[in-house]
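Please open the structure in your viewer and keep the sequence panel beside it. We will walk through it one selection at a time.

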Amino acid sequence: MAQILRKLRKTQKIVGTSIYVLALIYFLSVEFEAKYLLPVFSQGWEPLKDIIFPTGISFPYGELVVFLVLLPIIAEKEKLVKVVWIPIVIAGLIVMITMELIIGLLHAPFANTFYFPFVKALELVTYLGIVEHLEIFTYLLLIGGGLIKITVFLYAAQVVLTQLFKVKQKSWHVLILMVVVYLLSLYRSENVAEHLYVGLKLVPYYLHIPLQFIVPLILAVVIFLKTRMRNA
């Protein structure tokens, strides 16, 4: 496990550095139009409600479960409180910079016509009329980021399953999980449109909202009532 963590740290450094360098290059390209970013909040705060609820507030459900699994096995929990906000801030900045790049390169109305506007925006960037198709770096970043995410998710799944069935962790457990994930990915959706519909329209309402808010609220009320009755 230690070797996997070291490799993940190296991958994270490479991905992070690449993101910063590419963002600077794209912001300085001639295709980037700062005027597309204005006016800020031209339609007021009202459209933000549709963005925040339910997908915006419930989107990182998988990451929430992973952190709930990993936090109990951290040895120095007192240090965790001091640094846990850092990755949240960094992730928020990366998302904000990415959206600014998309709007500055494509313009917001045009960006809405693409399933993956970030990739399309980077296709437009050229340098000196020679260097083109920089979107290949985007694919590499997606592969690197996906590798990190899938590895962490698989490790969390292994921890949960070994605790649930009370068995020792074995390396072949990961291989079984990888096969299961691969097979499930083949039958999740038939195309991109269906994938986005399920992920953005159905899952937030029928899975994320109940499991993140309703079920924890019910459990909190039950625990509170049981505690009051026990102390009475």
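## Start at histidine 173

Select histidine 173 and show its surroundings: setting aside residues up to four places away in sequence, its contacts are Gln158, Thr162, Val167 and Lys168. The residue itself sits in helix H9, which covers residues 171-186. Is histidine 173 buried or exposed? Its relative accessibility is 14%, and the limit for buried is under 20%, so histidine 173 counts as buried. Keep in mind as you look around that this is a predicted model.

## Zoom out to the whole chain

Now show the full chain as a cartoon. You will find 10 helices and zero strands, so to speak a walk through one kind of element, with the pattern α-α-α-α-α-α-α-α-α-α along the sequence.

Next, colour by pLDDT. The chain average is 78, and 88% of the residues reach at least 70. Which elements have the lowest and the highest mean pLDDT? Helix H1 (residues 2-27) has the lowest, at 67, while helix H10 (residues 192-231) has the highest, at 85.

Switch on the surface for a moment. About 17700 Å² is exposed by the chain, and 73% of that comes from carbon and sulfur atoms. Of the 232 residues, 19% are buried. If you draw the contacts with a separation of 6 or more, 60% of them link residues 24 or more positions apart.

## Helices H8 and H9

Hide everything but H8 (135-165) and H9 (171-186). Two packed helices are described by the angle between their axes and the distance between the axes. For H8 and H9, the angle is about 115° and the axes are 10 Å apart. Their crossing is right-handed. Show side chains at the contact: H8 contributes Leu154, Ala157, Gln158, Leu161 and Thr162, and H9 contributes His173, Val174, Leu177, Met178 and Val181. Our starting residue, His173, is therefore one of the H9 residues in this contact, and it is a buried one.

Now bring back the loop between H8 and H9 and select lysine 166, which lies there. Lysine 166 has a positive phi of about 55°, although it is not a glycine. Is lysine 166 buried or exposed? With a relative accessible area of 76%, lysine 166 is exposed.

## Along H8 to valine 152

Stay on H8 and pick valine 152. This residue is partly exposed, at 24% relative accessible area. Add glutamate 63 to your selection and draw a distance between the C-alpha atoms: the two residues are 89 apart in sequence, yet 9.4 Å apart in space.

## The nonpolar cores

Where do the residues of the largest nonpolar core come from? That core has 14 residues, and those with the most contacts inside it are Tyr26, Leu101, Leu105, Leu106 and Val125. H1, helix H5 (85-106) and helix H7 (117-123) each give two or more residues to the core. H5 supplies the largest share, with four residues. Then select Val66, Tyr155, Ala156 and Val159, which belong to a second, separate core of six residues.

## Last stop: phenylalanine 118

Finish with phenylalanine 118 in helix H7. What does phenylalanine 118 touch, leaving out residues up to four places away in sequence? Its contacts are Thr98, Leu101, Ile102 and Thr138. Leu101 is also among the residues with the most contacts inside the largest core. Phenylalanine 118 is partly exposed, with a relative accessible area of 23%. To close the tour, draw the C-alpha distance from phenylalanine 118 to glutamate 135: they are 17 residues apart in sequence and 8.7 Å apart in space.

Conventions:
Residues are numbered from 1 along each chain as its sequence is written. This is a predicted model: local features need pLDDT of at least 70, side-chain atom pairs count only at pLDDT 80 or more; totals for chains, interfaces and linings use all residues. Side-chain values use heavy atoms; hydrogens and water are left out. pLDDT is the predictor's confidence in each residue, from 0 to 100. Buried means under 20% relative accessible area, exposed over 50%, partly exposed in between (1.4 Å probe, protein chains only). Contact means heavy atoms within 4.5 Å. A nonpolar core is a set of buried Ala, Val, Leu, Ile, Met, Phe, Trp, Tyr and Cys residues joined through side-chain atoms within 4.5 Å. Accessible areas come from the Shrake-Rupley method with a 1.4 Å probe; for residues, only the protein chains shown count as cover. Axes are lines fitted to C-alpha atoms, for helices over the stretch in contact, and angles run from 0 to 180 degrees between N-to-C directions. A crossing is left-handed if the near helix is turned anticlockwise from the far one by less than a right angle, and right-handed if clockwise.
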